[in-house]
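Subject: The structure, and what turned up in it

Hi,

Here is the structure I said I would pass on. Have a look at it first, and then read on for my notes.

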Amino acid sequence: MTDLSPDPFAPVQLGPVRLRNRVIKAATSEGRSPDGVVTDDLIDFHRGFAEGGVGMTTVAYCCVSPQAASAPGQIVMNAKALPGLRKLTDAVHGAGAAISAQLGHAGVVAQKKLTGVTAVAPSRFVNPTSFAYCRAITRSEIAMVIDQFGDAAQVAVDAGFDAVELHFGHLYLPSSFLSPLINRRKDEYGGDIDNRSRFVREIAGRVREVVGDRVAVIAKLNMDDGLPGSIWIDEALRTASLLDADQTLDAIELTQGSSVFKPMYLFRGDVPVREFAQVMPPAMRPAVRVVGKKAMGSYPYEDLYMLPAARQFVPVVRNTKLILLGGITNRDHLETGLREGFELMAMGRALLREPDLVNRMMTDAGTRSRCNHNNKCMVTVFGRTHCVLDPDQRYGAAIPMDSTRALMSEQA
């Protein structure tokens, strides 16, 4: 009898790069660049996923400018970072995998005491987590940010990356333009969803113009963010179809949730309130224990929890590959994604627990992840992101952060 099950470990073409299989290590906050440059620790982190069998690993949140940072210790994509980035890409390639750089601008998530400037948003906005004021970005600044994405993509090409991932999710600056809750502009970047999609389309177009066919271009796009009156699937489908028609992207990675409020909508599962309270300043700990669960939200974990929303995009997106994210932990999940029409799958927390999980799934189809979705890995961004159940991991020196950082880590 012929086995008709799809093979998640077969090679796949992603734009100009051929991946050895269809599994991508999703971008997760890493905490391994305290001075904003590549370290041996960061290289070892990504080399571990490459040696563990993924087709491609993603370097999380590389800032398109110093003002685009969402937290301390993030890499800014400029000439200073190039030597370390080249060493990083060489190491991952040497282990047989491809590597992608996630490019982002924090927008409403940025902190003035970190960047030195007031955060920008499509319209005036007060971040409900930090209570920080965000001013409306000007048209000339919009054009500047678009160019910054292009310049950052050029750095990625020069550094030897195989792909760039444009962060259009989680209510960072590009995503916030898509949100009618935050974007109340009256010009060509506000109003209906076609206008609100203009910014992300122009970023994707500029990046494609810069990189040509030298690297793959991926966008991480919100399907919905769990906030009433903000991004929901109906308008996200329109944004995806516009990006698809532009043919500037090789793939769209579908995501959910917000870095502004109720971040557990992205993660699902246990809410690590006690652990977050422990890393807060002593005066804030009682308040975090009392209101932390409400502020972060509480949503039950289910396997493949983003699939019900993500399958709505399969008939709409025709020219661009789709990447499934969320609750993927075993080979059955990978095969389900392929049968549903997704060509690649992204894994985050499960690989933090077991970087070699892909190799083990290839050897034994019955392999099951040890991740139990306790989400305590979210708190480890205060040092070095890792699974708290891994006895071989060691905490690094803490990076100074305030309470807003506790709600912004990404371990999708």
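Let me start with the second largest pocket, which holds about 190 Å³ of space. Bear in mind throughout that this is a predicted model. In general, rolling a probe the size of a water molecule over the atoms is what shows where empty space is left.

The lining of that pocket is made up of 15 residues. If you want to find the middle of it on screen, pick out Gln 67, His 105, Val 117, Val 120 and Arg 135, the lining residues that lie nearest the centre. Two elements, strand 6 (119–121) and helix 4 (139–159), each contribute at least two residues to the lining. Helix 4 has the largest share, with four residues. As for chemistry, the lining is a mix: seven residues are nonpolar, six are polar and two are charged.

Now for the surface. Val 126, Phe 131 and Tyr 133 make up a nonpolar patch there, and together they have about 360 Å² of accessible area. Phe 131 sits in the loop between strand 7 (125–126) and strand 8 (133–136). Its relative accessible area is 67%, so Phe 131 counts as exposed, the cut-off being over 50%.

Another loop residue to look at is Asn 78, between strand 4 (56–63) and helix 2 (82–94). Asn 78 is partly exposed, at 29% relative accessible area. What is its distance from Ala 152 in space, C-alpha to C-alpha? The two are 6.9 Å apart, although 74 residues separate them in sequence.

On to the salt bridges. Side chains of opposite charge can pair when their charged atoms come close. How many salt bridges does a search of the whole structure find? The count is 24, and here are three that I would click on.

- Asp 40 with Lys 87: their side chains meet at 3.1 Å, N to O. This pair links distant parts of the chain, with Asp 40 in helix 1 (residues 40–51) and Lys 87 in helix 2, 47 residues apart. Both partners are partly exposed, Asp 40 at 49% relative accessibility and Lys 87 at 48%.

- Arg 139 with Glu 188: the closest N and O atoms are 3.1 Å apart. Here too, distant parts of the chain are linked: Arg 139 belongs to helix 4, while Glu 188 is in the loop between helix 5 (173–178) and helix 6 (193–196), 49 residues away. Glu 188 is partly exposed, at 30% relative accessibility.

- Glu 235 with Arg 196: these side chains meet at 2.9 Å, N to O. Glu 235 is in helix 8 (residues 233–246) and Arg 196 in helix 6, so this pair links parts of the chain that are distant, 39 residues apart, with helices taken as DSSP runs. Is Arg 196 buried or exposed? Arg 196 has a relative accessible area of 3%, which means it is buried, as that is under 20%. Its partner Glu 235 is partly exposed, at 23%.

One last thing about Arg 139 and Glu 188: both belong to a network of salt bridges that also takes in Arg 185 and Asp 187.

Cheers

Notes. Residues are numbered from 1 along each chain as its sequence is written. This is a predicted model: local features need pLDDT of at least 70, side-chain atom pairs count only at pLDDT 80 or more; totals for chains, interfaces and linings use all residues. Side-chain values use heavy atoms; hydrogens and water are left out. On a 1 Å grid over the protein atoms alone, a cavity is a set of points where a 1.4 Å probe fits but cannot get out, and a pocket is an open set with protein on both sides within 12 Å along at least five of seven lines; lining residues have an atom within 4 Å of a point. Grid points are joined across faces, edges and corners, and a volume is the space filled by probe spheres set on the points. Ala, Val, Leu, Ile, Met, Phe, Trp, Tyr, Cys and Pro count as nonpolar, Asp, Glu, Lys and Arg as charged, and the others, Gly among them, as polar. Patches are made of residues with over 30% relative accessible area and no salt bridge: like charges are joined within 9 Å, nonpolar side chains (Val, Leu, Ile, Met, Phe, Trp, Tyr) within 5 Å. Accessible areas come from the Shrake-Rupley method with a 1.4 Å probe; for residues, only the protein chains shown count as cover. A salt bridge is a side-chain nitrogen of Lys or Arg within 4 Å of a carboxyl oxygen of Asp or Glu. Buried means under 20% relative accessible area, exposed over 50%, partly exposed in between (1.4 Å probe, protein chains only).
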